[in-house]
Amino acid sequence: MLIKALLLGILAGFAIWDGRVFGQHMFDRPIVTGPIVGLILGDVHTGIVMGASLELVMMGIVGIGAATPPDVVAGGILSTAFAIMSGLSMDAAVALSLPIATLAQSVGILDRTINTTFLHWADKAAEEGNPDKVARAMWYGAFLFFFSEFIVVFLGVLLGSGTIASFINALPPFIISGLRVASGMLPALGIAILMQLIFDKANAAYLFVGFILTAVLGVSTVATAIVGAIIAYVIYQTSMNHKKEMDAIMAVMNSNSNDDLGGEL
């Protein structure tokens, strides 16, 4: 059990590095980690099924702006491990994945808070013109993510699903309520920060069109996305036609200019 817990912890540590150290390869997604967990625990079939099921649940969980989303790495790996090791049904394990991911989210917030210290170290090293110190500060933050994710999964596998579920149920209601409120506010904050960067007055009207479609008229997000794609296609075609017209006008003007110059010569 100890060896398996160590291997799953190492897997979680490398998975949390995806998008942080060596680029984004989707190694952190449950559809990838699930089969690997199954391979480590000797039940690849359950790992594949759990990975696919969890991906359907968590495919919409992404980090937007400064928001800290639920931890899909810990949630995916632990729920798959519980389904294989603890005799949980797949339905129960999938249902347990989101509470685990939300609980691990708190660890991710703590990591990001501590990483601000390393960020200041990197800024100071950059001012001093010392790239080695900058690199070390960045790696300190990366290893913090690795270590914290390793600990969460390692202890989760050792303690078992029953202990984790009991711990979640034992939390006071005000803490659960606070986490729920914070989880709802952080994505809104992230979207607001993102909009502050990309908001364009020329295209502001389309934002309100989307708001009216979804909030007032009750149109689904899929239908709204289709409407947005149609509008984008029409704008693209209009701009391309305008560009062709301008190119034709410029070609005619250049031709006339050359003819007038030839006449003068």
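**Exercise 1. Read along the sequence and work out which pattern of elements the chain follows.**

Solution. Start at the N terminus and write down each element as you meet it. The result is α-α-α-α-α-α-α-α-α-α. Now count by type: the chain has ten helices and zero strands. Keep in mind that this is a predicted model.

**Exercise 2. Find what percentage of the chain's residues count as buried, and what share of its contacts link residues 24 or more positions apart.**

Solution. Begin with burial: of the 265 residues, 30% count as buried. Next, take the contacts with a separation of 6 or more; residues 24 or more positions apart account for 72% of these.

**Exercise 3. Locate the largest nonpolar core and say which helices supply it with at least two residues each.**

Solution. First, size: the largest nonpolar core has 29 residues. Those with the most contacts inside it are Leu-8, Val-37, Val-73, Ile-77, Val-153 and Val-157. Second, origin: at least two residues of this core come from each of H1 (2-16), H2 (30-41), H4 (72-85), H5 (90-128) and H6 (131-159). H4 gives the largest share, with eight residues. Another core, of five residues, lies apart from this one; Met-50, Ala-83, Ala-93 and Val-94 are among its members.

Now zoom in on Val-157. Setting aside neighbours within four places in sequence, Val-157 is in contact with Met-1, Ala-5, Leu-8, Leu-78, Ala-81 and Met-85.

**Exercise 4. Decide how H1 and H2 are oriented relative to each other.**

Solution. Look at the axes: they come within 10 Å and cross at roughly 160°. Angles over 145 degrees count as roughly antiparallel, so H1 is roughly antiparallel to H2. The crossing is right-handed. On the H1 side, the contact is made by Lys-4, Leu-7, Leu-8, Leu-11 and Ala-15, and on the H2 side by Thr-33, Ile-36, Val-37, Ile-40 and Leu-41. Sorted by class, these are eight nonpolar residues, one polar and one charged.

**Exercise 5. Do the same for H3 and H4: which orientation do they have?**

Solution. The axes of H3 (residues 44-58) and H4 come within 10 Å and cross at roughly 140°. That angle is not over 145 degrees, nor does it fall in the other named ranges, so H3 and H4 are oblique to each other. Their crossing is right-handed. H3 brings Thr-46, Gly-47, Met-50, Leu-54 and Met-58 to the contact, while H4 brings Val-72, Gly-75, Gly-76, Ser-79, Thr-80, Ala-83 and Ile-84. By class, the contact of H3 with H4 has six nonpolar, six polar and no charged residues.

Technical notes: Residues are numbered from 1 along each chain as its sequence is written. This is a predicted model: local features need pLDDT of at least 70, side-chain atom pairs count only at pLDDT 80 or more; totals for chains, interfaces and linings use all residues. Side-chain values use heavy atoms; hydrogens and water are left out. A nonpolar core is a set of buried Ala, Val, Leu, Ile, Met, Phe, Trp, Tyr and Cys residues joined through side-chain atoms within 4.5 Å. Buried means under 20% relative accessible area, exposed over 50%, partly exposed in between (1.4 Å probe, protein chains only). Helices (H or I, at least four residues) and strands (E, at least two) are DSSP runs, numbered from the N terminus. Contact means heavy atoms within 4.5 Å. Axes are lines fitted to C-alpha atoms, for helices over the stretch in contact, and angles run from 0 to 180 degrees between N-to-C directions. Angles under 35 degrees count as roughly parallel, over 145 as roughly antiparallel, 65 to 115 as roughly perpendicular and the rest as oblique. A crossing is left-handed if the near helix is turned anticlockwise from the far one by less than a right angle, and right-handed if clockwise. Ala, Val, Leu, Ile, Met, Phe, Trp, Tyr, Cys and Pro count as nonpolar, Asp, Glu, Lys and Arg as charged, and the others, Gly among them, as polar.
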